[in-house]
Amino acid sequence: MTVRIQEAIKQAIRNGHLAAGARLPPSRTLARELHCSRSVVVNAYGQLTMQGFLQSRRGSGTVVAEGPAAAPAPRLPVKSPTSQLTFAAGVADLSSFPRTEWTNAIRHVMSTASRDDLQYSSPNGNAKFREALAERLARIRGVAAQPHDIHVCGGTVQSISLLARVLADEGHSTIAVENPSWDRLRPPLASVDLQLVPIRVDDEGICVADLWAHPDVRVVLLTPAHQFPTGVIMSDARRSELLEWATTRDALVIEDDYDAEFNYGTAAVHAVQSTMPDRVVYLGTTSKILSPALRLGWMVTPTWMTPRVNAIREHFDLGVPVIDQLALTYLITTGLLDRHLRRTRPKYNRRRHALISALHAELDDIEISSAPAGLHLLVRFPNICAEDRLVAEAARLSLPVLSLQRFRLEELQDNRPTLVLGYANMTEDSIVAGARVLAQAWRAVRARPDPQSGKMALPAD
């Protein structure tokens, strides 16, 4: 009640409803009106006086103070949520974050947490969270994980950073990565002088045959459930090839399972880790299922690697916030997380279909590559202009888009202009509007010759 009174008075001051010098009711009077004890009001007035919002004057009671603390907040222009269109790839629908469930989870944690829960925990993460996570990963992804082999991290990038140090200590000098692949994971690898070896991706996933051509490579980083950014789902045949390669080469596979929760209408494939847990490091995150703001992810290591990761980690951090781990534990064990995903999956699928329909309605000379999964798709345009020109023209029309070039390590055989378009964080109306702007950008660039390639542009519609 004390906090509520403070916040109500602050809000009234900031809104200008209580001007500087305005007299507040005596504490006895306000306590009687609010049906609370006088000490509650006295404490609220005292806190606000210390913070500079109120001032106690002899003979005049408590009044609103003058100064910056009590100054009304400036009215900022309200920005329309549709004023900025963006096909940001890999971003979940942040407006669907389960705020009520998360608030209730935090409240539950703070009312039930023991003294030990609030103490320093293992850098690997809270034991209750790791137990709940092990059960959930086994149930939904087939991951074979013991709680002691789970390392809770501040997202996938931190997981890769830890792994990079372990690999360097083990004497590895190279690591194979998909081409194209997520560029944010490359700096941690390069920071320990691991040489990146790009491996092609085709319609069945990473080309394992190309891995055999590099005898010095014994580690590969890949996204088999939904390759980023091409969206390809690794075939069963290619998985068998990967298993043979890893076994023969005594190699390690790093499996980034970043958005495998979102599969629409097809049978979800189990994680690669389920078939060879002693050779796979499995990575997961809350960034797509909840929000990247949580900075909460996990890494499942083979049992033989766990002590090595623990030894490295002890030198760098003391883990991630335990309160958030316990809150997520509550969502998992009560089924609220699964309920949230049952709400978001059909929404994302509708938006995926809306984007495909809108693109086909606006552009008749494109190729859309889209497995029924994930939060993004690829759009390929005829090879009549440079990819960066299309991106620049879209930006000029206030539509930020990502080009496939950003994620390439080296030139691909198919060098048609290709965009990576996300749809999860857009309404269906904004998806249609964005497709129209993209079509406008495409018509503009194809109506002008490409000065670098010398190719003739097609006539504009």
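Biologist: How many of the 5 residues of strand 12 (residues 376-380) are buried?

Modeller: Buried means under 20% relative accessible area. In this predicted model, 5 of the 5 residues of strand 12 meet that mark, so the strand is largely enclosed by the rest of the structure.

Biologist: Which residues point one way from strand 12, and which the other way?

Modeller: In a regular strand the side chains alternate between the two faces of the sheet. Here, His 376, Leu 378 and Arg 380 point one way. Leu 377 and Val 379 point the other way. Both sets are buried.

Biologist: In what sense do strand 11 (residues 367-369) and strand 12 pair?

Modeller: Antiparallel, over 3 bridges. Take Ser 369 as a marker: its bridge partner in strand 12 is Leu 378. The two strands form a hairpin, with 6 residues between them. Look at Gly 374 in that turn; its phi is positive, about 75°.

Biologist: And over how many bridges do strand 12 and strand 14 (residues 418-422) pair?

Modeller: Over 5 bridges, again in the antiparallel sense. To find the register, start from His 376: its partner in strand 14 is Gly 422.

Biologist: Now the open sheet. What is the order of its 8 strands?

Modeller: Read across the sheet, not along the chain. The order is 3-10-9-8-7-4-5-6, and the pairing is mixed.

Biologist: Which are the edge strands?

Modeller: Strand 3 (150-153) and strand 6, each of which pairs on one side only. Strand 6 runs antiparallel to strand 5, and 2 bridges join them. In that pairing, Asp 202 stands opposite Gly 205 of strand 6.

Biologist: On to helix 9 (residues 236-249). What should its 14 residues span?

Modeller: Count 1.5 Å a residue, and the expected span is 20 Å. The C-alpha atoms at the ends of helix 9 are 20 Å apart, which agrees.

Biologist: Which residues in helix 9 are buried?

Modeller: Arg 238, Arg 239, Leu 242, Trp 245, Ala 246 and Arg 249. Their arc around the axis is only 120°, which puts them on the same side of helix 9. The face turned away from that buried side carries Asp 236 and Thr 248, which are exposed.

Biologist: What covers the buried residues of helix 9?

Modeller: Several elements do, including strand 5 (195-202), strand 6 (205-206), helix 8 (208-212), strand 7 (219-222) and strand 8 (252-256). Then check the end of the helix. Just after helix 9, Asp 250 takes a positive phi of about 55°.

Biologist: Next, rings. What does the count of aromatic pairs come to?

Modeller: The count is 6. Phe 129 and Trp 298 make one of these pairs, with 6.4 Å centre to centre and 70° between the planes, which is edge-to-face. Phe 129 belongs to helix 5 (residues 127-141) and Trp 298 to strand 10 (residues 297-300), so the pair ties together parts 169 residues apart in sequence. Phe 129 counts as buried because its relative accessibility is 0%. Trp 298, at 6%, counts as buried too.

Biologist: How far apart are the centres of the rings of Phe 228 and Phe 407?

Modeller: The centres are 5.2 Å apart and the planes stand at 85°, so this pair is edge-to-face. It links distant parts of the chain, 179 residues apart. Phe 228 sits in the loop between strand 7 and helix 9, and Phe 407 in the loop between strand 13 (402-403) and strand 14. Both Phe 228 and Phe 407 are buried. With Tyr 258, they are linked by ring pairs into a cluster.

Biologist: How many disulfides does a search of the whole structure find?

Modeller: A disulfide is a covalent bond between the sulfur atoms of two cysteines. The search finds 0 here. Cys 36 counts as buried because its relative accessibility is 18%. Cys 207 is at 4%, so it counts as buried as well.

Biologist: One last residue. Where is the place of Thr 62?

Modeller: In strand 2 (residues 61-64). Thr 62 has a relative accessible area of 15%, so it is buried. Leave aside its neighbours within four places in sequence, then list its contacts: Ala 22, Arg 23, Leu 24, Tyr 45, Leu 54, Gln 55 and Ser 56.

Conventions. Residues are numbered from 1 along each chain as its sequence is written. This is a predicted model: local features need pLDDT of at least 70, side-chain atom pairs count only at pLDDT 80 or more; totals for chains, interfaces and linings use all residues. Side-chain values use heavy atoms; hydrogens and water are left out. Helices (H or I, at least four residues) and strands (E, at least two) are DSSP runs, numbered from the N terminus. The expected span of a helix is 1.5 Å times one less than its number of residues. Buried means under 20% relative accessible area, exposed over 50%, partly exposed in between (1.4 Å probe, protein chains only). The arc is that of the directions from the helix axis to the C-beta atoms. Contact means heavy atoms within 4.5 Å. Two strands pair if DSSP finds at least two bridges between them. A disulfide is a pair of cysteine sulfur atoms within 2.5 Å. Rings of Phe, Tyr and Trp (its six-membered ring) pair if their centres lie within 6.5 Å; planes under 30 degrees apart count as stacked, over 60 as edge-to-face and the rest as tilted.
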